[in-house]
Amino acid sequence: MGTLNVIRPQGNAVKLSSKALCLSTLSILISVLPVWAEELPAWLEKEVKTHHLTRQEALLIHKQSGLNGQVREGAATVASAVVEAGSPLGKRLLAEARQCVRELIPNPEGIAATTLKATVAKCVSKVAIFDSQGRKRPEAEQEERVIALLRALGEGLPTREGRGEAIASLSHPQEDGQESKVFTVPVRVGAETKTFLLDTGAAHSVINNTLARKMKLSGVPLPAETFKQSVVGNQCTGKEQVSIVKLPELTVGLASVRKLTGTAIPANLVPGGFAGAIGLDFLSAYDMVIDPKLAQLQLLSNTSTGHSIDTIALHGISGLMVAQVRINGKGPFALALDTGADEMVISQKLMQRLGIKPKAKRTIVGWCGQDQSFVVQLNDVTMGNHTLKNLKGIAIRGGLFENVKIDGLVGQNFLNQFRQHWHFESPNELGLVRNGSIELEAIELETPSSQSTP
């Protein structure tokens with residue numbers, strides 16, 4: 001998944017509820033991991049022992065050979081051929097993941113399926129996402145490993161299916177008597193309509209655990225360490241119940257998308273008490289027009305790219321859409337466009353590089369509790385041919401951004417000054433959009449230069 005950043009004053013604190021910046025490749029992979037925890041029929045369990053099959057080979061036989069009580073002649077050979085079709089890297093990673101599972105669960109008899117799923121997710125995360133020092137691998141390397149593992153598993157990813165178009169009304173949520181700059185939108189989840197955050201900073205859509213349980217969605221637990229490394233705050237206990245789930249059909253107006261993999265999180269971690277967040281996995285199935293003046297969202301047939309002279313190129317990083325942005329006349333810097341962030345956000349490293357003196361310290365509250373940040377004033381912010389002056393921003397610790405090699409977020413105090421037409425190219429093999437564009441048309445909503453930093 002990507003980010004879920006909602007930044008707004010809360011007394012002397014700023015709420016920065018941040019979903020993982022770099023969980024996209026992991027969530028894609030572990031969305032297919034329940035296959036490792038499937039229960040085999042009793043007859044096939046016997047054949048596993050008789051023919052010395054691996055569990056993967058047995059599952060391939062069960063899924064692909066259509067057997068109903070006996071192992072067809074040569075079925076084990078067929079399964080082995082499928083396994084051998086994987087790359088050497090995939091087979092090596094699969095072997096490492098299996099060994100990791102065996103070390104953590106030497107005797108799987110009687111182990112609950114949920115425990116097995118969590119262990120498999122942890123081990124796959126270990127071999128595909130992190131290096132031997134526990135650091136996240138570069139995104140391209142993560143994706144290479146995820147693809148290799150999927151092929152070695154004989155698994156394919158579900159292809160997103162979008163249909164229809166929509167015009168929907170947007171709303172600004174209220175908090176502590178103040179109107180936020182972010183937008184919410186009604187989303188039909190299955191048969192129910194709920195309020196979701198409109199969040200281009202989320203690579204994958206999110207629902208809260210209460211709704212997930214009500215809809216009886218089963219998921220694969222997200223490894224605690226992965227979650228802790230990908231969110232704001234330093235008070236995670238490792239017991240947060242976060243999981244990857246296969247979402248039901250999501251509908252905005254008359255636009256619907258099926259076969260999405262999302263994230264289920266505790267309700268108290270979802271900002272504003274919303275039922276969830278509608279992310280880029282849904283939104284990128286369409287051309288998207290956001291009109292802040294009309295408080296309106298349009299989802300139109302996808303045209304892949306804009307053609308205006310003012311078109312600004314976007315590049316996908318970890319499921320986020322990133323633009324080149326100049327700040328205070330310097331740069332360009334890589335900032336992700338995030339409709340879920342009230343204000344501009346930069347790393348403290350970029351703050352120092354720009355020579356910006358912080359105005360004040362602020363406590364930020366994220367998914368892992370509190371952390372410290374700085375209030376900053378950005379003299380000018382330029383994206384494409386558009387420049388706004390005197391924007392407020394927040395500078396946070398850089399680890400979160402360094403994981404995905406970006407410098408910050410373009411928040412709503414910039415984006416809301418424009419009617420935005422977003423275009424997205426077709427997703428890659430992992431379902432991630434690699435390129436897109438945005439066209440900005442200035443509107444008279446508020447005067448940015450009148451903003452001041454407290």
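Is glutamate 192 buried, partly exposed or exposed? At 23% relative accessibility, glutamate 192 is partly exposed, as the first of these close-ups of a predicted model sets out.

**View 1. Glutamate 192 pairs up with lysine 194.** The side chains of these two residues form a salt bridge, with N and O 3.3 Å apart. Glutamate 192 sits at 23% relative accessibility, and since the partly exposed class runs from 20% to 50%, that is why glutamate 192 falls into it. Its partner, lysine 194, has a value of 27% and is partly exposed too.

**View 2. Arginine 258 reaches glutamate 161.** Here's another salt bridge, this one with an N to O distance of 2.4 Å. The two residues come from distant parts of the chain: arginine 258 belongs to strand 13 (residues 255-258) and glutamate 161 to strand 3 (residues 161-163), which puts them 97 residues apart. Arginine 258 is partly exposed, at 36% relative accessible area. Glutamate 161 is partly exposed as well, at 34%.

**View 3. Glutamate 161 also holds on to lysine 259.** In this salt bridge the closest N and O atoms are 3.0 Å apart. Glutamate 161 is in strand 3, while lysine 259 is in the loop between strand 13 and strand 14 (261-265), so the pair ties together parts that are 98 residues apart in sequence. Lysine 259 counts as partly exposed, with 40% relative accessibility.

**View 4. Three residues share a salt-bridge network.** Look for Arg137, Glu141 and Arg145, which salt bridges link into a network. Across the whole structure, a search turns up 11 salt bridges.

**View 5. The second largest pocket holds about 490 Å³ of space.** Its lining is made up of 22 residues. To find the middle, look for Gly219, Pro221, Gln241, Val242 and Ser243, the lining residues nearest the centre of the pocket.

**View 6. Helices and strands both help line the second largest pocket.** Which helix gives the largest share of the lining? That's helix 6, with 4 residues. Helix 6 spans 113-128, and at least two lining residues also come from each of helix 8 (209-214), strand 10 (219-221) and strand 11 (243-246). As for the chemistry of the lining, there are 10 nonpolar residues, 7 polar ones and 5 charged ones.

Conventions:
Residues numbered from 1 in each chain as written. Predicted model: local features only at pLDDT ≥ 70, side-chain atom pairs only at ≥ 80, totals over all residues. Heavy atoms only, no water. 1 Å grid on protein atoms, 1.4 Å probe; cavity = no way out; pocket = protein on both sides within 12 Å on 5 of 7 lines; lining within 4 Å. Points joined across faces, edges and corners; volume = space filled by probe spheres on them. Nonpolar A, V, L, I, M, F, W, Y, C, P; charged D, E, K, R; others polar. Salt bridge = Lys/Arg side-chain N within 4 Å of Asp/Glu carboxyl O. Buried < 20%, exposed > 50% of the residue type's maximum accessible area, 1.4 Å probe, protein only.
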